[in-house]
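Student: I should be grateful for a close look at one part of this structure, namely the strand pairing in one of its chains. Please set that part in the context of the whole model.

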Amino acid sequence: MKAKLVLFLFFLFSYTVSQAQESTVTGTVTSAEDNLPIPGVNVLVKGTNRGTSTDFDGNYSLQVAKGEVLEFSSIGFKSVDITIDSQTTLNVGLVSDVEALGEIVVIGYGTQRKVDLTGAITTVKAEDIEKTPNSNVMQSLQGKVAGVQIVSSGAPGASPTVRIRGVNSFSAGGGPLYVVDGMWYENIDFLDNSQIETVSVLKDVSSIAIFGQRGVNGVIIIETKSGKFEMKPVITYNGYTGVQYARNVVKMANAEQFTTMAYESGSAPDIQFVENAIARFGRSRVNPNLPDVNTDWYKEVLRPATISSHSIGVTGGGESASYGVSTNYFSQDGILDMKNEYERFNIQSNVDVKVTDRLRIGTNSIFSNALRYNPENSAWFQAYFAVPILPVFDYVNPDAVTTPYSDATVLGYRGSQNPFPVMRYNENQLKIRKVLTSIYGEFDIVPEKLTFKTSYYHDYSTISERNVRSLYYISPNSNRQQPDTSIRRAEQDYSTQIWDNTLTYKDQFGNHNLTLLAGSSYRDEQVNSFSATGNDIQGIAFESSWYLNFADPTKFNDNVSEIGDRFYALAYFGRLEYGFDDRYLVNATVRTEGDAKFPREIWKTTPQIGVGWVISQESFMQENGVFDFLKLRGSWGQLPNAALGGSAGTRTVSQVTLAIQDLLTNGIISTNDFTDLKREILEETNVGLSARMFQNKLTLEADYYIRDTKDLVVPVIQRITNQSLIKNAGEMRNEGLELSADWSQRVSDNWSFSIGANIGTNKNTITKIESDQGYFDTGEAEFRQRLIVGEPINSFFGVEVAGVYQNAAEVAADPVAVANNLVPGDLKYVDQNGDDVIDDADRVVLGSYLPTLTYGGNMQVSYKNFDLSVAVSGQSGNSILNRKRGEVIFTNDTNIDADFAINRWHGEGTTNSYPSSAARRKGWNQKMSSFFVEDGMYFRIQNIQLAYTIPSGSLLGQRSPETKITFTADRPFTFFKYNGFNPEVSDGIDRQTYPIPAVYTVGINIKI
Amino acid sequence: MKNLKLVLKPMALLTVLGMLFTACSEKLEENDGQLATDDLDFTNMSDMILPVYGAYSVTYSRGWEDPLLLGVRGDDVNAGGLGDQPLFAQTDLYNYDNGFWMFNQVWINFYKDLADIINSMELLERYKVFATGQDITRADQYIAETKVLSAYQHLNMAKLWGNIFIIKTTDFDAETNNGVDTKMEVLQYVSDLMDEAIPFLPDVRPNERVDIPGGVTKYTALAIKAMANLEMENYQGVADATGQIISSSKFSLFPDFYELFKKPGELSNENLFELQFSDYNQSSGAANNHEYGPFGPANWTPVVKTADPGWGFYEPSVKFIKFMLDRGETKRLLTSVLFTPDGISQIKSDPSYATLPNFISNVTPDGDQINNYARAKFASGKHYLPSNQLTEGRNNYGSSKNFIVIRYSEILLMYAEALTRGASGTTMTADQAVNTVRVRADMAPLSGVTSDQVMEEKFAELAMEWGVRYFDMIRLNKYDELSYDGRTFSADKELLPYPQAQLDLLPLENN
């Protein structure tokens, strides 16, 4: 047994099939229902690792000895065993297995038949994930799961924002809990898409319940690829390579539009700056009023970038052991033209062993090694604001070291504006290494009935950060001198251990099906973070001296820090799964959880229950001709939320420094911001319907939920200190409908198609505010957001624009305009209370960053060996605060987007929605208003893929593997109204967002 | 039997596991990585000084907006940075927008500091409980020092906004629930708080202090008391407090007016209160600096080539420059104003000033050359540190320069004003006080000074400093002085409106 296992591990790539006394059996596997061939059926000689799978036409061929048993199995069909006598041809018809179609779904600490579920769980399979070229599996889920909003991030290696059923907490990070092969993560950027077998999204509270408080934002269970017992080894290679391009780049005002704006602004210095540019860079020969410069800064900072991925894996298994081994490499360059890239190399292995009939053990390990160069996000910001009358290079500058980048201060502007110095002279490297290992043992105390399982997981991760700031000189305003050169090193290490123990009892008597689970989970999380910054780096020009040893050793004074945190949690849980006659279902869970963060309330117990009625099993539904399966589901549950930052239950002290007679002196300040926090409680009622109709061609899932967050923790701005402090002071409701429908049909031997759509609505409302004023302010003072009863969380709050004053008569007729010395070209606000004064009482809710509708769809057509698939996604109902335009409140001497420059008010009748150039600079027009809050809806062609499969067969007499070639365009087209280059802004405030590139790839997939 | 054994073995295992969990669950009581206030050792008297340092630290670390907003409305100075911060320029023109971010920022800067200072005071009270002997005296002195720092913050707030909240304890909700206190109540509170503190404060000059060199003393408290009384127009109170400072004979004017505002003038015998900064004479590493950028010229050719320019946000007014030229001022004009070539031409364009004295130049006495820039024509000289006084390797404008808040010449002039307005003082005459100030400035002595002459002297001596000029003018209702260069001042413009963010947060209302 052991020897066999060792053999497996050593000869994974060179397995052989024994040849004794065999003959070849060939045949075709078809569906008994419609006689169409079934591709991909596993054909295995029972008790051996010999086997094959059927080709596209359902054909197979295998060496078999007399007396051996062939097992034919495929998802959705009942397995068939046939003993070989002397036949050489064996055609098999498989009967579809309605229950198997429902398949097995991974739930917490166990599995359940899909037909028995009473909650809302959606599973996405590897083939859907593999279509999208990206570094993070969650990105692939965009538009695929009803009720799940994915907000992409374009930076290489960055994780998208994931929201399940809206935002359910103000303070707790909105991300779901990821459970990867049993281990808990908040971030799965280390996983390669090719490693993933299935992703299950647990949406409703009753499904999440078993995971307790960490699962409050939803749980995503990820199973990585592993072998199965009695499975023929499969070697898979998956790879693609491609290019990314920025799409929908926002047009900025060009030199001519900018100059026009400057002249119309009425600001003498700004006109002077244009003159200064003409004096320095020459006069345009086309238009003598312009300098001979017209820089499109976005064009300058963007670049096409490559992306590629290669992975190879082997899975298989024998009688008493199964295994999976894989390795993969992913690399992605950023579209920002600086050292901005991501590279990741992973290896993974897992082994499961049947030690005896009653004891099983196994181990799983993933090692991930990634190197990431983070972008300087401020470059996006600077590129937006840099004036077009400034060139990238200024060859008139004799003092520049090493590259003569231009500097707007030479024209008179306050800032140097040019984004290139930060892009060229800053470098941010992260080495992210992660090891996850786990072992488990499972013992049948009473075979087939009572099982004990213990699992131990340890995740150890380190992030080693190096930020280098090197030497340059452009002007007195834009330079980094030798003493200021610096290297910041930060070492973070995370160690998380989980120890789970469960006892499962399964029994069946009469029509009763019963599963009882009792378990405990212990968690220990540690983080340590050490950082130091060194200045005055000797040899900063050479990477070989990018170590703190080359810094001036006398200057570490203030620049070394270490922070640590350790956290323990313990939970006990139990679950009952009961079914009567496969008709009536009950699932109930209870979990008690202890958490050190809440000194006043360490332990918390919450209950959940789900019920289901499988109507299609009732006698009156038999032979109804429409429904193959119909189930009504309902669930209710409570879940505590503990992801609320550290304990705020005490006054704390912090260190400060000051100069006393040129002596660096330490002092302390104490804060009295303390609060007595309780956990938030999420309470949800979910009703749903699952159906399969028309011979299982149509699958329908519908869910309606109402979830209330009680004791909502909100940051309350404190009087006097103006610091915000979290308190339990409100309630919030999320309410929505999720629908998904899929139709798949095989039209003929050659043609098949499938089409699917999903939508999710979500209405977020604040239902209670415990505050004297009846609201809580959030966001920045100049860009106010507010929590108000009846409105969505963090609603944008300000005055509403009614139009633009067009002429002097209109100004004179309006007492508001007269009182505020307004002129034509200024914005006109709605006087909500009609008191002829525009003040804070006239502010209203201007929009919410949360979409009320998210949707997705997909269509796949297969003709012979060609597959074409198209996926779309979109959202609507949300708003984006165009903070870039709003930035004018802090700094005026910058560029503006072309849309504004072209549409600005410049005389009666020119526009009724944009202020004039002069008005843009006035405080009156800079108020937080509907002018800055824009519609955030978008519709996107998410993914188009064309694939051609070359079935396994023989090529020039040699056996050739099944090969699939794919051409993919990911996110090629996005349609939106928002005046920015990216409608995906996770918090709705667009200040410096990395653009989302379109990706075009060619891929190949080989299966042996 | 065999089956029972099969069941029992795991049961034993479970028992062991159960015991392990009990041990684990005890860990739920732990909490790493934070220092709770209650964990401080209040019996360790050598640490008692730390909260006082904390209070000084927050007082010193002033936002750059604070002195600008306090000062910009005076007729001595205008908003520079034209085209960059229009609402700052509007503020200078007495058009206030309560959504202007700077108003809220300054409000928060002062009140956040105040919260920290009151917190320090409460920590000190906890140390005092365990103190014995000399340490009780020390605790009392430290507490008195925090009162002086608190008074300074209250005074600034009252000057800017008038009616504000007096903060005495860290129960901020209770302190604000009953609405604002009137400006007079706040000023009286400041004056009384100083009376409370004075008996416990060191009877020395700040630069004579050994424990905290440059820290506040009895005389700082007296100066703040005098300022509060001046605002209340209680001139006898002003004369009494300033008289005590003068009669102590501890203070004298620093001989070189120009260098008083540079490094040589730091912790001089003239300074009653100054914010201390330092880059510790090291080319890199830790530095505690004020952001002087807004005061500086936006374009210059410094002697030390790497020195950063400023932003040009704070521009001495032509009215002030002409006023100084009319008086025949040299030292004080030279010290207060940095001239650009365009600025000099602008003055000369007025036929009455076609020829200017030789010392008017765009090159400073230290050789830094001020160039033209679009945002302003003049920059503040009192906030200028010559590039040759910068620590090598430190290029931030004014790096390491201290910021004087109260100096002896202001004390002398407050005293003189009080006397000319009918208060009695025996220390010296109003003439003596004014002439002490004039002598240093190379100005001829006056006799029989009038109130107006004292106000002119204050204009010349204290221009650009902390809004002294503006608050004098609104106290005296001299709206005509503030109505210059096209501005029109009226009584309703005296105070800033409460910031929108604070209206949303506090029981406040703008009229």
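**Strand pairing in chain A**

Tutor: A:Gly519 stands opposite A:Phe573 in β28(A). This pair belongs to a longer run of contacts in a predicted model, in which β27(A) and strand β28 of chain A, residues 560-580, are joined in the antiparallel sense by 21 bridges.

On the other pairing of β27(A), strand β26 of chain A, residues 486-509, runs antiparallel to β27(A), residues 512-535, and 24 bridges join the two strands. One position along that pairing can be located exactly: A:Ser520 in β27(A) lies opposite A:Asn501. The connection between β26(A) and β27(A) is a hairpin with two residues between the strands. In that turn, A:Gly510 has a positive phi of about 60°. Strand β27(A) thus has pairing with β26(A) and also with β28(A).

Another part of chain A offers a second example of strand pairing. There, three strands form an open sheet in the order β4-β1-β7, and the pairing is mixed. Its edge strands are β4, residues 59-65, and β7, residues 92-94, each of which pairs on one side only. From one strand to the next, the twist averages 35°. Within this sheet, strand β1 of chain A, residues 22-31, is antiparallel to β4(A), with seven bridges between them. A:Val64 in β4(A) is the bridge partner of A:Ser23.

Chain A also has a partner in the model. Contact between the chains involves 74 residues of chain A and 84 residues of chain B. On the side of chain B that touches chain A, at least two residues each come from α1 (2-26), α2 (49-60), α4 (86-92), α5 (101-130), α7 (172-177) and α20 (500-505) of chain B. The most is given by α5(B), with eleven residues. Sorted by class, this side of chain B comprises 43 nonpolar, 28 polar and 13 charged residues.

As to confidence, the model has an ipTM of 0.90 and a pTM of 0.80. For chain B, the mean pLDDT is 92, and 93% of the residues of that chain reach 70 or more.

To return to the part requested, β27(A) is joined to β26(A) by 24 bridges and to β28(A) by 21 bridges. The neighbouring positions named above, A:Ser520 and A:Gly519, illustrate these two pairings: A:Ser520 stands opposite A:Asn501, whereas A:Gly519 stands opposite A:Phe573.

Definitions and conventions
Residues are numbered from 1 along each chain as its sequence is written. Chains are lettered from A and ligands numbered from 1 in the order in which they are written. This is a predicted model: local features need pLDDT of at least 70, side-chain atom pairs count only at pLDDT 80 or more; totals for chains, interfaces and linings use all residues. Two residues are in contact if their C-beta atoms, placed from the backbone, lie within 7 Å. Helices (H or I, at least four residues) and strands (E, at least two) are DSSP runs, numbered from the N terminus. Ala, Val, Leu, Ile, Met, Phe, Trp, Tyr, Cys and Pro count as nonpolar, Asp, Glu, Lys and Arg as charged, and the others, Gly among them, as polar. Two strands pair if DSSP finds at least two bridges between them. Axes are lines fitted to C-alpha atoms, for helices over the stretch in contact, and angles run from 0 to 180 degrees between N-to-C directions. pLDDT is the predictor's confidence in each residue, from 0 to 100.
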